[in-house]
Amino acid sequence: MDIKKPYTPSATRYDQSSQMYRRCGRSGVLLPKISLGFWHNFGSVDPYERSREITHYAFDHGITHFDLANNYGPVYGSAEETMGRLMDDDFRPYRDELFISTKAGFDMWPGPYGNWGSRKYLMASLDQSLRRMHLDYVDLFYSHRFDPSTPMEETLQALVDIVRAGKALYVGISNWPLEAMRFAHQYLKERDVPLLIYQGRLNMLDRKPQEEGILDFCAQEGIGFIAFSPLAQGLLTDRYLNGIPKDSRMSKGVFLKEDMLTPELLNLLRGYQSAAEQEGRSLAEMALAWVLRQQAVTSVLVGASSVAQLEKNLKCL
Ligand SMILES: NC(=O)c1ccc[n+]([C@@H]2O[C@H](COP(=O)([O-])OP(=O)(O)OC[C@H]3O[C@@H](n4cnc5c(N)ncnc54)[C@H](OP(=O)(O)O)[C@@H]3O)[C@@H](O)[C@H]2O)c1
């Protein structure tokens, strides 16, 4: 019989609080500067015990924010199922110490109601997410992307009603263009459900939220910003400097493809690597510290396929 060792979080997990947490915009919420993303490495294809160890290490070091979405896996939904199993096995007593987010907006189930930004989709999707995660509510629910075909009022009113129904405490948007974000901010503010946070890709290789004015707007309006793929899916680490490891994301060829690793990019990465070495730190540390220095950034949302990676990434603090 498989008897699981009970999880007891480290008693020192909040010892570094003063350097670990940042206020999310002008809200009451503090988020850890490093948050843990469940996009990869938490699906049904991944070993549960490894996922479990990563979350334990995270929580033991003050990482209180776990970020999910309905379709993280693979298979779709399975990262949320892993979260549900983790709640049952380990985290239930610590629910109020955790800030758990999920999203809907990309394809999730077949037919016209399992994608984009309709009220029909968002409401049903969050109910499914809560069932998979064995939760009564999430701390944060996002519209995962802007839907040019659905009236913004419909998507945003669904977010408002989700909060009113007690299924999420806060709402956010991800991958929305600036003009739509302005509208969302105003619409939500008028209904007393302020836009807590914007989730966008920001790293040393992709500075779009800066170039497009998203970060300026967040700073001006007191909205938090959480950066996804801060390591450019692993490019901004030593992972690919000497070839493509067999167990790497790039070797799977789905979200990170070999043809992205051009000689020009490799040169740039090697340049960054030697600059980091001169400062006595790793490229990953340098890349995360860079994101955390940008205005309005509350947190960087890292992925990790091992405890060792997360341990290295925490050194950026
Ligand atoms: N809102 C959105 O549309 C959106 C989109 C994408 C992501 N996200 C969120 O952002 C989270 C993070 O995204 P991401 O996984 O792309 O982030 P990332 O931190 O840029 O990349 C994580 C990957 O980089 C590699 N890595 C991490 N630390 C390393 C280290 N110290 N040394 C060597 N390699 C290292 C690992 O890949 P290997 O597998 O190769 O080990 C790891 O899985 C997601 O989980 C999700 O929550 C949101």
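Alanine 232 counts as partly exposed in this predicted model, because 18 C-beta neighbours lie inside 10 Å of it, and a residue needs 20 or more to be called buried. Alanine 232 sits in the loop between strand E9 (224-228) and helix H9 (249-252). Its backbone does something a bit odd too: phi is positive, about 50 degrees, although the residue is not a glycine.

Tryptophan 116 makes a handy partner for that story. Again there is a positive phi, this time about 70 degrees, in a residue that is not a glycine. Tryptophan 116 belongs to the loop between E5 and H4. With 22 other C-beta atoms within 10 Å, however, tryptophan 116 is buried.

Then come the cis peptide bonds. One joins glycine 73 and proline 74, with omega about -15 degrees. Another joins proline 74 and valine 75, and here omega is about 0 degrees. As for where this happens, proline 74 lies in the loop between strand E4 (65-67) and H3, and valine 75 has its place in the loop between E4 and H3 as well.

Now for the helices, starting with H4. This helix runs over residues 119-133, so to speak 15 residues in all, and reaches 21 Å from its first C-alpha to its last, close to the 21 Å expected at 1.5 Å a residue. Tyr121, Leu122, Ser125, Leu126, Ser129, Arg132 and Met133 are the buried residues in H4. Looking down the axis of H4, these buried residues fall within an arc of 125 degrees, so they line one face of the helix. What covers them includes helix H3 (78-91), strand E5 (99-104), strand E6 (138-143) and helix H5 (152-164). Just after H4 comes histidine 134, with a positive phi near 55 degrees.

Helix H10 (residues 263-278) tells another tale. Of its 16 residues, the number buried is one, so H10 lies largely in the open. Serine 274 is part of this helix, and serine 274 counts as exposed because it has 9 C-beta neighbours inside 10 Å, where 12 or fewer is the cut-off. From serine 274 to alanine 287 is 13 residues in sequence and 13 Å in space, C-alpha to C-alpha. As for the length of H10, its 16 residues should span 22 Å at 1.5 Å a residue, and the end C-alpha atoms are 23 Å apart, which agrees. H10 is followed by glycine 280, whose phi is positive, near 75 degrees.

The ligand has its own set of neighbours. It is surrounded by 30 residues, and the closest are Gly37, Trp39, Phe228, Gly234 and Gly303. Strand E10 (297-302) and helix H12 (307-314) are the elements that give two or more residues to this shell. H12 gives the most, with three residues. Sorted by class, the shell holds ten nonpolar, 16 polar and four charged residues.

Finally, the whole chain. The protein chain has twelve helices and ten strands. Its radius of gyration is 19 Å, close to the 20 Å that the globule rule gives for 317 residues, so the chain is as compact as a globular protein of that length. Along its principal axes, the C-alpha trace spans about 55 × 50 × 45 Å. Buried residues make up 42% of the 317 residues. Among contacts between residues at least 6 apart in sequence, 75% join residues at least 24 apart.

Key
Residues are numbered from 1 along each chain as its sequence is written. This is a predicted model: local features need pLDDT of at least 70, side-chain atom pairs count only at pLDDT 80 or more; totals for chains, interfaces and linings use all residues. Helices (H or I, at least four residues) and strands (E, at least two) are DSSP runs, numbered from the N terminus. A residue is near a molecule or strand if its C-beta atom, placed from the backbone, lies within 6 Å of it. Ala, Val, Leu, Ile, Met, Phe, Trp, Tyr, Cys and Pro count as nonpolar, Asp, Glu, Lys and Arg as charged, and the others, Gly among them, as polar. The expected span of a helix is 1.5 Å times one less than its number of residues. The radius of gyration is taken over C-alpha atoms; the globule rule is 2.2 Å times the number of residues to the power 0.38. Two residues are in contact if their C-beta atoms, placed from the backbone, lie within 7 Å. The arc is that of the directions from the helix axis to the C-beta atoms.
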